[in-house]
Amino acid sequence: MNYSDLCSRCLCGSVMARACRWFLCAVLSVLIVQAQPLTAPEELEVNPEGGWNFSGVWKMNITWKNGVSNGITRDKVTYDVRIFYTEQMKLVHSETIELNANQMGHYKWTWTSPLPLQCTSHSVQLRYRDHDHTSAWTPLKTLPGKDIPDMKNESVYPVNHIALVSEGIRFCCILKPEHDGQFTSSNFTIRISNRTYITNPIRHALPSSARGFDITCDNEGSTYFIGYAPDDHNLTCETRDLSSVECSWIEGQQNDAGMIGPTKYSINGRECSPQLCVLNQTIDTGVMNWTLTAKNNLGTKIIFDAADPKLRVHLKAPSLSSPTLLNARNARLDWKWDRLSNYNSFPMICQVERSGRIINETFEGTGLTSLFLADLKPFTEYKARVQCASREHFYKWGDWSNLITFITKEEIPEAVDVWMHVFGEQTYVVWNSLSAAQSHGTITRYVLFMGNSTDRNEERVTKSPTEFCHKLLAGSAKTHNVISISAENSAGVSHPSSITIPNLSPGGSVNTSRIKGNNGSFDMFWEPSPNSSCGYVLDWYPTYKAKQCSLKWRKIASSSSKENIYSDRVMDTDFKEGVKYTLSVYACNLGAPHLLQRREGYMVEQPPSGTVQNLSAVQEGLNIYLSWINVHEEEHRGFIEGYNVYYGYDGGDAQKVVISDPSIQRYKFSLQMETYKFTVKAFTSAGEGPGSTITVSVDPQFDLVIINVVAALAIMMFVFCVIAFLTYRNWKRVKTVLWPEVPKPMLSEEFLKNNVYQWQVMDQLLCEENEVLKGKNPDRYPPLIVLELQKEHHEPQARNSPHTNDSPPSENYQTPNSNPQSLPLITVDLSYKEFPCPGIPNPTYNLPVVPASDKVVASGYRPQIQSDSSQHQPSDAHWWSHSPSNMSEMHYIDKLVI
């Protein structure tokens, strides 16, 4: 029994049994279908879509017929597709496709190749799939390419191809059949058949020109073009003239002419020009729909818009004419709506742009054609234009009208800002030029009236519009100390401004102090002054570059006690670096201004730009005195804080001396004898400036030494002469003081007895001197006087002597007693005997002698005793002497030599 018979039997019976039978039949049917094998597709065909063409074909249409049905009807059918490069049988695409079931069993599927189908032959095969069950593969069906042996030509594909920006394009090169296989190319590097080579994808980030890009292979080549598909957007349709609809949009990126071609536009099937399309439709139909289609060879773009035209009124531009009513403070603007008669009854609102700024005021009316401008400035140029919109259903402002230019009329100028400047011995009256907003016209002249508070006779001075100061004559500031000034234009003369010249000395009545800049400004501080009734005035000018009318000033309210003066960086005229400024504060009152404070300083200090002046060196001995004069004041560029002195000589180390007191401009150096180079540089807080150099040689200065010696000798000679002169005039007194008369000395016997040791000081030198004196003049120098010892003392001593009488005198020695008082007394003999070695005689005096017979004993030294018997005949006498080699030994003889 088969499954069909079993199922037929199950359909008979009761309802319950019948339901069971239906279920069993369904299961059996499935089993029957699964048991039957799937049939492969039949009648497989492959063809290029659209047929072959010159440029290239990328799409392949695959058609087939389903095999024998297994009796089950399905909504979807599934197939597996495989595509190969025929020559190498390389699988290039594999996909499972699902198609809607066709009762006739005929199916079609299109595959897009990455290469033109002409590049090589492609083979296709299919199989039917039912879940996990598949049929057998169909036999391969081949679409021949241009690389088959029958095709003999060399070619490149695609030709004249167009592509989107950044889209990848593959090219193929088909060589001739007889090529030797040694093909090389920088572009065609991938081989897919014996004759065909392909490129990697080629992309361009920018569109091509109208000439496109070229690619070559051997002797063949191809041109291709890159561009954009239409990308227009923001379609907007509105009414401009209240009778038609205008549609506009924003175009996408444009392509150059060429194979891509221009983009064509149409709205609701009506061709339009790019960006704008006018539709002659009534605006009273309510909401309308508009569809824009943009198309070129690379694609198509469709955009939509819908609205009620009456709610989208965008008015056109009016035609504005020159003001018909114009004065110093107001003007009227008039315009027309050319060929727009529908606007005459249309309620609208308008606004004005004046000199680039829309005024905060609107003007309403039906068919509005004029408006009135107020609060204008005199003699001022204005540029104006107008735009309008719907008042009832405001959509957006309409187009701007044409721009017109007009100038308001002149008016009396404002009061002139006047001030004074005392510079040196001169006094100036200065005033600021009036700005365009202050002058209210063209200033023709300035008129000055000079007088004083008591005398009404005024002197009138006229100044041109380019002059802003007046120099007062010497002494006139005292007689004409009240100055009034007015500005004049074609509309009249301004209210006069007055200034009273104070009695200021050239240096001012206050001390000048220093000030430093602070972040581009000078900070001035002052205490409130009781002399101020109308505020304060702060003025400033370059201290050393002051020119006539170079003063600037600022008036400050009475409530302010601090003012920052900021430099004008835009004009670059105030507070330059390295420039000294003088700033003054005055108290303003009804009379003459009162000077409160004056300060000088630099915005930013710089190193000095000049050198010290008159650098010189003076040598005094080995000292060098270096002196100089400070840098010129206008070259300071900062407050001078001192000087750096550099010096040195060749081969020596450079030395530096820092002088921190700028008032010291002379310095002493103690140096060795060399040639020195000195450089002096002034410095500020910002650094040192250029140096002034001098070279000095330290010499011994012989001329100076000679001069000093001669001067000293001259002084000595002068002093000597003075002394000699005074001595000559007082000779007797000087002689009495310096050389008094000395009495002649005498020796007594007592003196000789008591002072025997005094004879020990005689030595051989005395003997030699006596010999010299006697040799020169023997008559003048007599022999020495010899004294005879007392016999009673001499004889015992002679007996006790170990020597005999026969011994020579030079050998008779006796040692005296240690006590000089025990020595025998010395007597003087009247007889003389010359000895070879007496003592030194006194040539001035004659020695007194005492006769030996009388045995007179000397009683000591008696210088006043004199004797007439100065000489006697010599007689035998004893004598004594001492040896110079041994002073302790004494030699006594019968006679003693004195």
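Two residues are said to be in contact when heavy atoms of each lie within 4.5 Å. The structure described here is a predicted model, and this report considers two loop residues, one sheet and two nonpolar cores.

**Two loop residues**

Asp 256 is found in the loop that links strand S17 (245–250) and strand S18 (264–267). Leaving out residues up to four places away in sequence, Asp 256 touches Ser 208, Ser 209 and Ala 210. The last of these, Ala 210, is 46 residues from Asp 256 along the chain, yet the two C-alpha atoms are separated by 5.5 Å.

Pro 690 also belongs to a loop, the one between strand S51 (687–688) and strand S52 (692–697). With residues up to four places away in sequence again set aside, Pro 690 touches Pro 608, Ser 609, Gly 610, Thr 611, Val 680 and Lys 681.

The table sets out the accessibility of these residues and one C-alpha separation for each.

| Residue | Relative accessible area | C-alpha separation |
|---|---|---|
| Asp 256 | 47% | 5.5 Å to Ala 210 |
| Pro 690 | 35% | 9.3 Å to Thr 679 |

Are these residues buried, exposed or partly exposed? Buried means under 20% relative accessible area and exposed means over 50%. Asp 256, at 47%, is therefore partly exposed, and Pro 690, at 35%, is therefore partly exposed as well.

**An open sheet**

Four strands form an open sheet in the order S26-S25-S28-S29, and their pairing is antiparallel. Its edges are strand S26 (357–366) and strand S29 (404–407), each of which pairs on one side only. On average, neighbouring strands of the sheet are turned by 30 degrees against each other, direction ignored. Strand S28 (residues 381–390) runs antiparallel to S29 and is joined to S29 by 4 bridges. Ala 384 stands opposite Ile 404 of S29.

**Nonpolar cores**

In soluble globular proteins, nonpolar side chains tend to be buried together. In this model, the largest nonpolar core contains 29 residues, and Trp 419, Val 429, Trp 431 and Ile 483 have the most contacts inside it. At least two residues of this core come from each of strand S30 (418–423), strand S31 (426–431), strand S32 (445–451), strand S35 (482–489) and strand S40 (536–542). Ile 483, apart from its neighbours within four places in sequence, is in contact with Val 429, Leu 448, Phe 449, Met 450, Leu 472, Ser 497, Ser 498, Ile 499 and Ile 501.

Another core, of 26 residues, lies apart from the largest one; Leu 320, Ala 331, Val 386 and Ile 404 are among its members.

How values were computed:
Residues numbered from 1 in each chain as written. Predicted model: local features only at pLDDT ≥ 70, side-chain atom pairs only at ≥ 80, totals over all residues. Heavy atoms only, no water. Pairing = 2+ DSSP bridges. Axes fitted to C-alpha atoms, helices over the stretch in contact; angles between N-to-C directions. Buried < 20%, exposed > 50% of the residue type's maximum accessible area, 1.4 Å probe, protein only. Core = buried A, V, L, I, M, F, W, Y, C linked by side-chain atoms within 4.5 Å.
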